[in-house]
Amino acid sequence: MKGRLSLSAALCLLMGAGAALAQEAKGDCPPPPDHGAELQELFDEVQDAPDAATAQRISNQMWELWADAPNAAAQEILDSGMRKRASQNFLGALEEFDRLVAYCPDYAEGYNQRAFIHFILQDYDAALVDLNRTLDLSPDHVAARAGKALTLFGLDRVAEGREVLEAALELNPWLPERHLLDSALGEEL
């Protein structure tokens, strides 16, 4: 009797896991969390930040909100992709972010993270497509704006890249990319 219960329990677990995978494959992702008010407060704070260290702490809080996936399944895919990226398994990370975008097509961070991988791989055209989608879904995603500026620079679309970077700096004047506008490199761009 004990073995049958274990077998039954195992079958139930497998059926539950299969249902979860089927739901993921169908793209039944819930809407992403709405952190708009919290992000606006953080933008206000970062604009008044007295120094770069304070601004970095505020930016980290923004990242926590952007990386808050719609549900546990989406969070696991996002986290897995980010772990793979951190270990420089860029193709594995790309696969994970492809899965995330397919599962949660309205979650901006899936596109933003996939754009970052495309940028690393110097596929600037693909990065730009994903960054535009990120910004369609989350217009004030300042990191995506900065990424778009860098991508446009990579595509030799310098004037457009400067405009995008300037708009990003209006939201967060402490972005690391700010030096591109006033450095010698920035003048060449």
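1. A convenient place to enter this structure is L128, a residue that lies in helix 7, the element made of residues 124-137. The model is a predicted one, and the remarks below should be read with that in mind. L128 counts as buried because its relative accessibility is 10%, which falls under the 20% limit for that class. Leaving aside neighbours within four places in sequence, L128 is in contact with K148, T151, L152, L155 and R157. One of these partners can also be placed by distance, since the C-alpha atoms of L128 and L152 are separated by 7.7 Å, with their positions 24 residues apart along the chain.

2. For the overall fold, the protein has eleven helices and zero strands, so that the pattern read along the sequence is α-α-α-α-α-α-α-α-α-α-α. Of the 189 residues of the protein, 40% count as buried. Among contacts with a separation of 6 or more, 54% are made by residues 24 or more positions apart. The protein exposes about 10,500 Å², and carbon and sulfur atoms supply 56% of that area.

3. Where do the buried nonpolar residues gather? In soluble globular proteins, nonpolar side chains tend to be buried together. Here the largest nonpolar core has 23 residues, and F43, M62 and V142 are those with the most contacts inside it. The elements that give two or more residues to this core are helix 2, helix 3, helix 8 and helix 9, the last of these being residues 158-171. F43 itself touches M62, W66, D140, V142 and L171, when residues up to four places away in sequence are not counted. Apart from this core lies another, of 14 residues, among them C29, I77, L78 and F97.

4. Is R145, a residue of helix 8 (residues 142-154), buried or exposed? R145 is buried, because its relative accessible area of 19% is under the 20% cut-off. With neighbours within four places in sequence left aside, the contacts of R145 are with L135, P139, D140, V164, A167, A168 and L171.

5. The model also contains pockets, and the largest of them holds about 560 Å³ of space. This pocket is lined by 28 residues, of which W63, A143, A146, G147 and E177 are the closest to its centre. Two or more lining residues come from each of helix 3 (52-66), helix 4 (72-86), helix 6 (108-120) and helix 8. Sorted by class, the lining of the largest pocket has 18 nonpolar, seven polar and three charged residues.

6. How much space lies in the second largest pocket? The second largest pocket contains about 340 Å³, and among the 20 residues that line it, P33, L39, W66, L137 and S138 are the closest to its centre. Helix 2 (36-47), helix 3 and helix 6 are the elements that give two or more residues to this lining, and the largest share, four residues, comes from helix 2. By class, the lining of the second largest pocket divides into ten nonpolar, five polar and five charged residues.

Methods. Residues numbered from 1 in each chain as written. Predicted model: local features only at pLDDT ≥ 70, side-chain atom pairs only at ≥ 80, totals over all residues. Heavy atoms only, no water. Buried < 20%, exposed > 50% of the residue type's maximum accessible area, 1.4 Å probe, protein only. Contact = heavy atoms within 4.5 Å. 1 Å grid on protein atoms, 1.4 Å probe; cavity = no way out; pocket = protein on both sides within 12 Å on 5 of 7 lines; lining within 4 Å. Points joined across faces, edges and corners; volume = space filled by probe spheres on them. Nonpolar A, V, L, I, M, F, W, Y, C, P; charged D, E, K, R; others polar. Areas by Shrake-Rupley, 256 points an atom, 1.4 Å probe, with all protein chains shown as cover. Core = buried A, V, L, I, M, F, W, Y, C linked by side-chain atoms within 4.5 Å.
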